[in-house]
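Hi,

Here is the structure I promised to pass on. Have a look at it first, and then read my notes below.

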Amino acid sequence: MSKPAERKDSVWSIGDGAPEETEKRDDSQRSTLFIEKPQSGSVSVGGNITFIAKVEAKDLLRKPNVKWFKGKWMDLASKAGKHLQLKESFERHTKIHTFEMHIIQAKENYAGNYRCEVSYKDKFDSCSFDLEVTESSQAAPSIDIRSAFKRSGDGQDDAGELDFSGLLKRREVKQQEEEPEVDVWELLKNANPSEYEKIAFQYGITDLRGMLKRLKRMRREVKKSAAFAKGLDPAYQVDKGGKVRFMVELADPTVELKWYKNGQEIRPSAKYIFEHKGNQRILFINNCTMTDDARYYVTAGDEKCSTELFVRDPPILVTKGLEDTNTYVGERVELSCEVSEDDANVKWFKNGVELTNEPKSRYRIKVEGKKHTLIIEEAAKNDSATYSVMTTGGQSEAKLSVDLRPLKISLALEDQTVRLGQEIHLKCEISENVEGKWYKNGQLVEASDRVKLYHKGRIHRFIIASAAVDDEGEYMFVPDAYNINIPCKVHVVDPPKLHLDGLGEDNTVTVVAGSKLRLEIPITGEPTPKVMWSRGDKWLTDSGRIRAETYPDSSCLVIDAAEREDSGPFRITLKNEAGEDTALINIKVVDVPDPPQAPNVTEVGEDWCVMTWEPPANDGGSPILGYFIERKKKQSSRWMRLNFELCKETTFEPKKMIEGVAYEVRVFAVNAIGISKPSMPSKSFVPLAVTSPPTLLAVDGVTDTSVTMKWRPPDHIGAAGLDGYVVEYCFEGTDEWIVANPELTDKTKFTINGLPTGSKILVRVKAVNAAGESEPRYHPQPILVKEVVEPPKIRLPRHLKQTYTRRVGETVNLVIPFQGRPRAKVSWQKNGSPIDKNQINIRNTENDTIIFIRKAERSHSGEYDMKVEVENLEDKATIDIQIVDRPGPPEIVTIEDVWGENVNLSWKPPKDDGNAAITGYTIQKADKKSMEWFTVMEHYHRTSATINELVIGNEYYFRIFAENMCGLSEDATMTKESALIAKDGKVYKYPVYDDFDFSERPLFTQPLINTYAVAGYNATLNCSVRGNPKPKITWLKNKVIIMNDPRYRMFSNQGVCTLEIRKPSPYDGGTYTCRAVNELGEAEVDCKLEVKGGLSFFRLLMDGVPPHIIDSYMREVQADKTEGK
């Protein structure tokens, strides 16, 4: 026979393990997340059922994930709807997540196995449970002997204790209906394990685990026995007190036979009778009791045959039922019934919940033979319920109603009115000695240091020793357990009082006219007193300019924009039911003085004026302390205070005004109350001053009939501005100045026309503004009216004195200034030929020439010759322009030799160097198999190279790029043949090279450049030289060696030679020479240094005067000095 099935957490399975092993496995599989698992259940078709799972969140940072499944894979989250609802909740106090699955109006196909899974991070837990859906029946099934199988035990001697919890659904004792005898064990033995729960529910078996363990033993397959021709039946059942017969048939009647009960051998007695009939061996058990419900087996030699005996207990009937009972709270209650047998197992229930006879329980169960009594010593209100008693054969129920005794009020609370600080004493008396609670305004009052609560017998007291304002209210006493209250009112009163401590002498309050007075007077009194304000015979209201505002603890007198007429006494009166208080308050209104009259400006200067005014007609009731004066620009709205200390006089002299700006002034009067409004502004006035003379008056050009003059604006113009200039001249030897421009000119250049040729004139210029003409600026020397030839001079920029280099495609834009008078003529040539103006744009002005090439090409490279001609004089300059591009590839790359892992390459420089020196080569290699190129050398300068560390057995090609300042050549030259690195190498003979002679005579690679210096500012001369051995450097001035002169510093670093002249003067101008000498020879370079005349030259340069004008001016100054000598 197969072993009986066991149930684990409502999931049934069949196994061969012993019951003890199964229990151990249950302990090892305890839940790690669940604190309450959903349990299997049963529901009728159309009924509702709820499954609950609980997870503790104490160690979880967030909500766990919970899923409900039916069977193995069906996720019920997608099936939620009318018949299935999933809910979840969280209790913050206990920190427990509750998950519920509600099945509504169940159908038959809802039955089956369900599973609940919970997961959190790496934790996981699951629980399976079953749902059985049964067909609804109108009549409840009657109780039969099968209820005797409701046992909790493993079938041992102590088995047999009944479990009647399944009978709670039947509330009335009903006549048993005869049903055909059903052998539950035969049903279980032949049923599929998946139908066990259905059979157990159908036949009211609750001890399913114990039954299945025994069934497991019954269903073991027994091998065919050689000793037993016929064995015992798998199970026997008998009524309590009845007789049972066990019979086996032996194959060999001589074999010794022994009978056992629960492993103990049975000896013949009056209860156990042995009988032999041929090969049959029979055991009779008489007068069966519940202790005979056990496992039996018989042995014949080494063979064993076993069976199970189940003793059924006859039902216990309720012969006298419970009766409905009414009682009062605190009374003793006894509910009694009688059953058909003494000391029967009877269970008590309250509203369907079983009651236990534990020592700490309020309920005590008393058994006297067939009489069973439920005792409640002191009944409470919550003991009202339906009580029922249940036996195996019937039940009875009755209703217990516990009511309160009628309560009478012997002494009610009385309303009280007490003064502030007096005692509040509330007292009441009721007919019952019960506890109660005190309430104030609906809020529970607890006992404290201020509040004393007393209860003695039926009397309750409430005492507050010192009444406060907050103690006023409605009080109420409520006896516990009674829906009744005893109310009263407590009224706390306090006479009204004004608190005038903060006011001055005679209760006088001073307020400035125009300001708002808000006088707050603290008041006390309970109930809150009525406040009344009056002025004379008129009462003040709570609206208007003068009004009274009342608050619970204060009253305010408010005067908006106080006026002098508001001065006088005001009366305040307080009244309440406890008394009255009154006081007089004096209000005094003071004001600022009236504004003075508009001031008069009596005198105006360059940046100052003198003003006077009259005192105000009304001083506001307080003496004038002084005055404040303000001024502003006429076009501005911003006034500026001129004095921060009061002016005691009525005259004032504002200073530091801006010339030419219109101003206005005004005055404020000040008394002890404050500052008056400002006076009306004075009439506007303007401080004026003429400008300083124009500056830097110089001759800009002279012709046979005209002289052009230039000058700079005055150093100081003033705020009045500059309207223009007047140019005047007079002939030498006369004092008559002639105005050259009848109308003012706003330019700083003017030509005087119509002058006789050969005459000499004196010139002066005046600046004119609203204040008049400035002092004149005179030209220092008479000017000869005759055109002067200025020799041409090209001022070539320093960066064009060297080769000017640009890349192909870049823009060339060169500006070369020059000087020369009159009408200088500029011409250009390239490499001795005229310039093609279609490719190169030339633009000439009076002072400079511009050469512009939009997109340079290599054909634009060359020497550009510039010539400036003035009459028979000329000046030339040459600009070397070099347009460079990337070079072409090297010509021929040859593999000179291959040895070992090395290849020697040689090549010729490219034919096209890109118009720039070749700076190096880039060498790449490629394996013949892959032809992927890899760089092995960069920026290599020679035209031969040895490539090392090549892979033996590979065959290589090589290619070389040429490189100049523009980058690598676009193409590379590749070797025509490949180099095979043979596996059998040969010894490489290194060639013998002679030592290279690096000796070299000195050679200047960068010459000295003619330089202009400014007197007083350091100047430097630079050049570069090379030579080996290192040459000795000597500096000379005008062919004289410079030695031990602190005004000169000499440096030489990496072939760069520098001479620094500290703060040169015109004396330091001359020819400077740098001489380099070594044992192979010597070399020299020289330049001219010209020191311009000091601060005047520098100042002219900073003022933006063109260099050729400055140079002309300096020559004239130098000529004047020569003539003066």
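What follows is a walk through the chain as a whole, then some strands, side chains and backbone oddities.

First, the ground rules: this is a predicted model, so I kept local features to pLDDT of at least 70 and counted side-chain atom pairs only at pLDDT 80 or more, while totals for chains, interfaces and linings use all residues. Residues are numbered from 1 along each chain as its sequence is written, and side-chain values use heavy atoms, with hydrogens and water left out.

**The chain as a whole**

The protein chain has six helices and 88 strands; these are DSSP runs numbered from the N terminus, with helices being H or I over at least four residues and strands E over at least two. Of its 1125 residues, 40% count as buried. Buried is under 20% relative accessible area, exposed is over 50%, and partly exposed is in between (1.4 Å probe, protein chains only). Among contacts (heavy atoms within 4.5 Å) with a separation of 6 or more, 64% come from residues 24 or more positions apart.

On confidence, the mean pLDDT (the predictor's confidence in each residue, from 0 to 100) is 83, and 86% of the residues reach 70 or more. Two stretches to treat with care: pLDDT stays under 50 over residues 1-31, where the model has 80 contacts beyond four places in sequence, and also over residues 138-180, with 98 such contacts.

**Strands**

One open sheet has five strands in the order β4-β11-β10-β6-β7, with mixed pairing. Its edge strands are β4 (41-44) and β7 (74-75), each pairing on one side only. Pairing here takes at least two DSSP bridges between two strands. β6 (residues 65-70) runs antiparallel to β7 and is joined to it by two bridges, and Phe69 has Asp75 as its bridge partner in β7.

Further along, β41 (residues 530-535) is antiparallel to β45 (residues 568-576), with five bridges between them; Val531 is matched with Leu574 there. β41 also has two bridges to β42 (residues 538-539), again antiparallel, and Ser534 has Trp539 as its bridge partner. The β41 and β42 hairpin has two residues between its strands, and Gly536 takes a positive phi near 70° in it.

**Rings and charges**

I count 21 aromatic pairs. The rule takes rings of Phe, Tyr and Trp (its six-membered ring) with centres within 6.5 Å; planes under 30 degrees apart are stacked, over 60 edge-to-face, and the rest tilted. Phe51 and Phe129 make a tilted pair, 4.7 Å centre to centre with 35° between the planes. Phe51 is in β5 (residues 49-56) and Phe129 in β11 (residues 123-134), so the pair ties together parts 78 residues apart in sequence. Phe51 counts as buried at 2% relative accessibility, and Phe129 is buried at 0%. Ring pairs link Phe51, Trp68, Tyr114 and Phe129 into a cluster.

There is also a charge over a ring (NZ of Lys or CZ of Arg within 6 Å of the ring centre and within 35 degrees of the ring normal): the charged end of Lys632 sits over the ring of Trp639, 5.4 Å from its centre.

**A buried Gln**

Gln924 is in strand β73 (residues 920-927) and counts as buried at 12% relative accessibility. Its side chain makes polar contacts with those of Thr935 at 3.2 Å and Arg959 at 2.8 Å. A polar contact is a pair of N or O atoms within 3.5 Å; within protein, one must be able to donate a hydrogen and the other to accept it, and residues adjacent in sequence count only if both atoms are side-chain atoms. Beyond four places in sequence, the residues in contact with Gln924 include Trp933, Tyr957 and Phe961.

**Backbone oddities**

Most residues other than glycine have a negative phi, and most peptide bonds are trans. Here, a cis peptide bond joins Glu526 and Pro527, with omega about 0°, and Pro527 is in the loop between β40 (517-526) and β41. The bond from Asn1028 to Pro1029 is cis as well, with omega near 5°.

Asn441, not a glycine, has a positive phi of about 50°; Asn441 counts as partly exposed at 46% relative accessibility. Lys1039 has a positive phi near 70° and counts as exposed at 57%.

Cheers
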